[in-house]
Amino acid sequence: KVILATGSMVGYAYAMEFFIAWYGANSYEGFAFINRAFGNYWWAYWIMVSCNVICPQLFWFKGIITNTPLVWIISIFVNIGMWFERFVIIVTSLHRDFLPSSWVMYHATWVEVGIFLGTFGLFFTCFFMFAKFLPVINMAEVKSIIKDKE
């Protein structure tokens, strides 16, 4: 229910961004939003919309809600969509400047790729330190030990 509500609100927010860009009649803001949807990075924008708005709408169907692996897969798609939202906000805002001579396509540098891979290394280091020094207990084993209160 939370993902469904959030996906609906995000879809409304995306629609309002386009409406405000159109209604404000600012040519630069209008170009920025048209460029996001149909410019060089159109693929990232439409992945963002499909993962953040369309995928969560599948939760209207009871057969999907009761299928745990499918719920997990849809939640992963929502996470992918949230990553693409940050990508679209940053890259499409910066690759077109007011001067056409400074328009460039974004390509990640080795430093950016290293930072991205380093975040995975930091996460897994912290996760494995947690698993080493704090107890990792299987809940199925704990449930069989706990006595019923009835």
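**Pockets, a nonpolar patch and some single residues**

The residues that line the second largest pocket divide into five nonpolar, three polar and four charged. The structure that carries this pocket is a predicted model, and local features in it are considered where the pLDDT is at least 70. About 270 Å³ of space lies in the second largest pocket, and two elements, H2 and H5, give two or more residues each to its lining. The greatest share comes from H2, which supplies six residues. The lining as a whole is made up of Tyr-28, Glu-29, Phe-31, Ala-32, Asn-35, Arg-36, Thr-92, Ser-93, Arg-96, Asp-97, Phe-98 and Trp-103.

One of these lining residues, Trp-103, is found in the loop between H5 and H6. Its relative accessible area is 34%, so Trp-103 counts as partly exposed. Ser-93 is another residue of the same lining, and although 10 residues separate Trp-103 from Ser-93 in sequence, their C-alpha atoms are 11 Å apart in space.

The largest pocket can be read in a similar way. Its volume is about 380 Å³, and 14 residues line it, of which Phe-87, Ile-90, Val-91, Tyr-106 and Glu-112 are the closest to its centre. H5 and helix H6, which spans 110-133, are the elements that give two or more residues to this lining. Here H5 gives the most, with six residues. By residue class, the lining of the largest pocket holds 11 nonpolar residues, one polar residue and two charged residues. H5 is thus an element to follow through both pockets, since it gives two or more residues to the lining of the largest and also to that of the second largest.

Which helix gives the most to the nonpolar patch on the surface? That helix is again H5, with six residues. The patch is formed by Ile-34, Phe-38, Trp-42, Trp-43, Trp-46, Ile-47, Leu-70, Trp-72, Ile-73, Ile-76, Phe-77 and Ile-80, which together have about 1,200 Å² of accessible area. Three helices each supply at least two of these residues, namely H2 (27-38), H3 (42-54) and H5 (68-94). Trp-42, one of the patch residues, has its place in helix H3. Because its relative accessibility is 47%, Trp-42 counts as partly exposed, the class that lies between the limit of 20% for buried residues and that of 50% for exposed ones.

Beside Trp-42 in the sequence comes a residue with a contrasting environment. Tyr-41 is located in the loop between H2 and H3, and with a relative accessibility of 4% it counts as buried. From C-alpha to C-alpha, Tyr-41 and Glu-17 are 18 Å apart, while their positions lie 24 residues apart in sequence numbering.

The structure holds one salt bridge. The partners are Arg-86 and Glu-85, whose closest N and O atoms are 3.8 Å apart, a distance that meets the criterion because a salt bridge requires the nitrogen to be within 4 Å of the carboxyl oxygen. What are the accessibility classes of Arg-86 and of Glu-85? Arg-86 is at 46% relative accessibility and therefore counts as partly exposed, whereas Glu-85, at 16%, counts as buried.

A backbone feature draws attention to another loop, the one between helix H1 (2-23) and H2, where Ala-25 has its place. Most residues other than glycine have a negative phi. Ala-25, however, has a positive phi of about 60 degrees, although it is not a glycine. Is this alanine buried or exposed? With a relative accessible area of 67%, Ala-25 is exposed.

The last residue to visit is Val-113, which takes its place in helix H6. Its relative accessibility of 39% makes Val-113 count as partly exposed. The C-alpha atoms of Val-113 and Pro-56 are separated by 30 Å, and the two residues are 57 residues apart along the chain.

Notes
Residues numbered from 1 in each chain as written. Predicted model: local features only at pLDDT ≥ 70, side-chain atom pairs only at ≥ 80, totals over all residues. Heavy atoms only, no water. Patch = residues over 30% accessible without salt bridge, like charges linked within 9 Å, V, L, I, M, F, W, Y side chains within 5 Å. Areas by Shrake-Rupley, 256 points an atom, 1.4 Å probe, with all protein chains shown as cover. Salt bridge = Lys/Arg side-chain N within 4 Å of Asp/Glu carboxyl O. Helix = DSSP H or I, 4+ residues; strand = E, 2+ residues; numbered from the N terminus. Buried < 20%, exposed > 50% of the residue type's maximum accessible area, 1.4 Å probe, protein only. 1 Å grid on protein atoms, 1.4 Å probe; cavity = no way out; pocket = protein on both sides within 12 Å on 5 of 7 lines; lining within 4 Å. Points joined across faces, edges and corners; volume = space filled by probe spheres on them. Nonpolar A, V, L, I, M, F, W, Y, C, P; charged D, E, K, R; others polar.
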